[in-house]
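Colleague: I have a structure open and would like to learn how to read it. Could you take me through it feature by feature?

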Amino acid sequence: MTAWANRVKAYAQEEAVDNGRVFPGYKLVAGRSVRRIEDAAKAEALLEEAGYKKADILKTELLTISKLEKLVGKKKLTKLLDDVIVKPPGKPTLVPDSDPRPVFNSATNDFDVIPD
């Protein structure tokens, strides 16, 4: 029964995302998204300029955002790395209407960057 229920859910989500179908009692929202550092070299340089030691911010690569926040402080890291930390939109997911997240609108993301 679980496999059948998962197939029904996958079908409903696919119909909602690909065909704009609306199911009573459900809505499409942006799913969870994970922040990432887009330019590790630039982030490393900015942290070193701010006085952090290479050994503290690097292992074989730059520490994760969560570990850097613990080292630097959340507000300070956001200020230092504002230009290199990105949070891509989450994958659309179908949830009950009672979910507090706003309705997903893919058209909103289509016009984030408008050329001059």
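Colleague: Let me begin with E69. Is E69 buried or exposed?

Modeller: E69 is buried, because its relative accessible area is 17% and the cut-off for buried is under 20%. Please keep in mind that this is a predicted model, so every value here is computed from predicted atoms.

Colleague: Which residue forms a salt bridge with E69?

Modeller: The general idea comes first: side chains of opposite charge can pair when their charged atoms come close. Here, the partner of E69 is R35, and their closest N and O atoms are 2.8 Å apart. R35 lies in the loop between β1 (26-30) and β2, whereas E69 belongs to helix α4, so the pair ties together parts that are 34 residues apart in sequence. R35 itself is partly exposed, with a relative accessible area of 31%.

Colleague: How many salt bridges does the structure hold?

Modeller: There are 4 salt bridges in the structure. Another one joins the side chains of E44 and K54, at 3.4 Å from N to O. That pair links distant parts of the chain, since E44 sits in helix α2 and K54 in helix α3, 10 residues apart.

Colleague: Which residues are linked with K54 in a network of salt bridges?

Modeller: The network consists of E44, E48 and K54. Besides its bridge to E44, K54 forms a salt bridge with E48, where the closest N and O atoms are 3.8 Å apart. It helps to look at accessibility too. E44 counts as buried at 18%, while E48 is partly exposed at 32% and K54 is partly exposed at 47%.

Colleague: How do I read a helix such as α4? Which of its residues are buried?

Modeller: A good habit is to list the buried residues and then look down the axis. In α4 (residues 65-72), the buried ones are I65, L68, E69 and V72. Seen down the axis, they fall within an arc of 105°, so they line one face of the helix. So E69, the salt-bridge partner of R35, is among the buried residues of α4.

Colleague: What covers that buried side of α4?

Modeller: The cover includes β2 (36-37), α2 (40-49), α3 (54-57), α5 (74-80) and β3 (85-86). Just after α4, look at the backbone of G73, which takes a positive phi of about 105°.

Colleague: Let me try α2 in the same way. Which residues are buried there?

Modeller: In α2 they are A43, E44 and L47. They cover an arc of only 100° around the axis, which puts them on the same side of α2. These buried residues pack against β2, α3, α4 and α5. The face turned away from the buried side carries the exposed residues A41 and E49. After α2 comes G51, whose phi is positive, near 100°.

Colleague: What about a charged residue without a partner? How far from E15 is the nearest side chain of opposite charge?

Modeller: That side chain is R21, 4.1 Å away from E15. E15 is buried yet has no salt bridge, because the cut-off for a salt bridge is within 4 Å. E15 is found in helix α1 (residues 2-19). Leaving out residues up to four places away in sequence, E15 touches G20, R21 and F23.

Colleague: Next, pockets. What is the volume of the largest one?

Modeller: Its volume is about 230 Å³. Of the 14 residues that line the largest pocket, the closest to its centre are A16, R21, L28, V103 and F104. When reading a pocket, ask which elements supply the lining. In this case α1, β1 and β4 each supply at least two residues, and the largest share, 3 residues, comes from β1.

Colleague: One last point: how do I see places that are far apart in sequence but brought together by the fold?

Modeller: Compare separation along the chain with distance in space. T93, in strand β4 (residues 92-96), is 81 residues from A12 in sequence, and their C-alpha atoms are 9.9 Å apart. Then check contacts: leaving aside neighbours within four places in sequence, T93 is in contact with Q13, K27, L28, V29, G31 and R101.

Technical notes: Residues numbered from 1 in each chain as written. Predicted model: local features only at pLDDT ≥ 70, side-chain atom pairs only at ≥ 80, totals over all residues. Heavy atoms only, no water. Buried < 20%, exposed > 50% of the residue type's maximum accessible area, 1.4 Å probe, protein only. Helix = DSSP H or I, 4+ residues; strand = E, 2+ residues; numbered from the N terminus. Arc of directions from axis to C-beta. Contact = heavy atoms within 4.5 Å. Lys, Arg positive; Asp, Glu negative; His and termini not counted. 1 Å grid on protein atoms, 1.4 Å probe; cavity = no way out; pocket = protein on both sides within 12 Å on 5 of 7 lines; lining within 4 Å. Points joined across faces, edges and corners; volume = space filled by probe spheres on them.
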